[in-house]
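Let's look at a protein chain together and ask how each description of it is justified. Keep the picture open while you read.

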Amino acid sequence: MKITVVTPSYNQGKYIRRTIDSVLTQGIEDLEYIVMDGGSTDETVDILKSYGDQIIWKSEKDKGQTDAVNKGIRMAQGEIIGWLNSDDIYYPGAIAKVLDVFEKHPEINVVYGNANHIREDDSFIEEYYTEDFDYERLKDICFICQPSLFFRKSVVDKYGYLDDKLQYCMDYDYWLRLGKGETFYRLNELIAGSRLYDDNKTLGARRKVHEEMLTMQEKNLGKATEKWIYNLAHVIVDEMGIPRIKDERTNPEFARMLAKVSAKQFLKHYKYIPWSALKNIKSWYFLK
C-alpha cells in the first residue's frame, strides 16, 4: 500500500529538515514524499535540494498553505494521504502503524492518532487533547490533531479538496465535511508532534482563527455551535487585557465583560440569544 505525505512550506528553513527527516526515517518502502514550497527566500530551497531524489518538491508562488496542500494531493500517487506541515514531525514507526489499520480495515477511509504539542527544540509541552470519534462532539471541539490524521485519496473524489478560502481552520473544516459521511478510526498511538511557538500562524492570530471558525461552522452546520461562540468571546475579552482570575477566584469584571461580549456575538451570529446561553450570561453578569 503506497502512501504519499504532503508538506506545505514557506520560509520554514529553521524546522523543515527535522520535518523531512521524520518522514524519510519511517522505514516505509512504498513512500512518496511531496514538498510544495511557496517560493521561500530563506534556506529552505537549499535544504530541499540536498535530499536529491528522496523527495519530490516544487518551489513556486502559491495562494497559501491550503493551496499548497491541495497541489500536493493532486500530484499524489499514493492510496493513502498524510499532511505534515513544515514545522511538525512524525514519531518513529507512526506511518507503519497507520498503514496497518488501513490494510486491516478496508472499510475505513480516515484514521487519526494521538499527538503532542512540542517546543521549537522538539521538547514535550503537553499531549494534544484527543477523543474517540464522535461527530457531534467534533462540532464542539477539534479533538483531532491535524498531522496525526490520514485518509484514503478516494475520499477526495467524494468530498473534494481543502477549502482554499480558509487560512486557519481548513483542517477542521475538512474533518467536519468528511465526518458527515465517514466513520473515523482512532488509533490510540502517538503519531505526531505539533509545534507551538510565538510565530506560529494559529497562535499569532487567535481572534482571526476563532472568527473564521464561526464562518466555517455556519457553512458546514447551518450555524456555529454555542461552544465556539463562547470561545470567541473569551478571546475577545482576553485581548482587552482583563485578567480572568483575581484574588484566586474568577474576576467579576472579566465575567461581566464576557457576558456582554457573548450576548453580542450570539445576536450577531444567531440573531437571538438561546435560553441556555441567556442563563450563562446572566450568571456571569451578576457574579460578585
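The radius of gyration is taken over C-alpha atoms, and the globule rule is 2.2 Å times the number of residues to the power 0.38. Keep in mind that this is a predicted model.

Q: How do you know that the radius of gyration of the chain agrees with a compact globule?
A: For 288 residues, the rule gives a radius near 19 Å, and the chain has 21 Å, so the value agrees with that of a compact globule. Along the principal axes, the C-alpha atoms fill a box of roughly 65 × 40 × 35 Å.

Q: What makes up the chain in terms of helices and strands?
A: The chain holds 11 helices and 11 strands.

Q: Why is Leu31 called partly exposed?
A: Buried means under 20% relative accessible area and exposed means over 50%, with partly exposed in between. Leu31 has 21% relative accessibility, so it counts as partly exposed.

Q: Where is Leu31, and which residues is it in contact with, leaving aside its neighbours within four places in sequence?
A: Leu31 belongs to strand β2, residues 31-37. Contact means heavy atoms within 4.5 Å, and beyond those neighbours Leu31 is in contact with Ile3, Val5, Val23 and Ile95.

Q: What makes strand β6 mostly covered?
A: Strand β6 spans residues 110-118, and 9 of its 9 residues are buried. For the chain, buried residues make up 52% of the 288 residues.

Q: How do you know that β6 pairs with β8, β9 and β7?
A: Two strands pair if there are at least two bridges between them. With strand β8 (residues 149-152), β6 has 3 bridges in the antiparallel sense, and Val110 stands opposite Phe151 there. With strand β9 (residues 184-195), β6 has 8 bridges in the parallel sense, one of the partners being Ala115 with Ala192. With strand β7 (residues 124-127), β6 has 3 bridges and runs antiparallel, and His117 stands opposite Glu126. Each of these counts meets the cut-off of at least two, so each is a pairing.

Q: What lies between β6 and β7 in their hairpin?
A: There are 5 residues between the two strands, and Asp122 in the turn has a positive phi of about 80°.

Q: How many of the contacts with a separation of 6 or more join residues 24 or more positions apart?
A: Such residues account for 72% of those contacts in the chain.

Terms used: Residues numbered from 1 in each chain as written. Predicted model: local features only at pLDDT ≥ 70, side-chain atom pairs only at ≥ 80, totals over all residues. Heavy atoms only, no water. Buried < 20%, exposed > 50% of the residue type's maximum accessible area, 1.4 Å probe, protein only.
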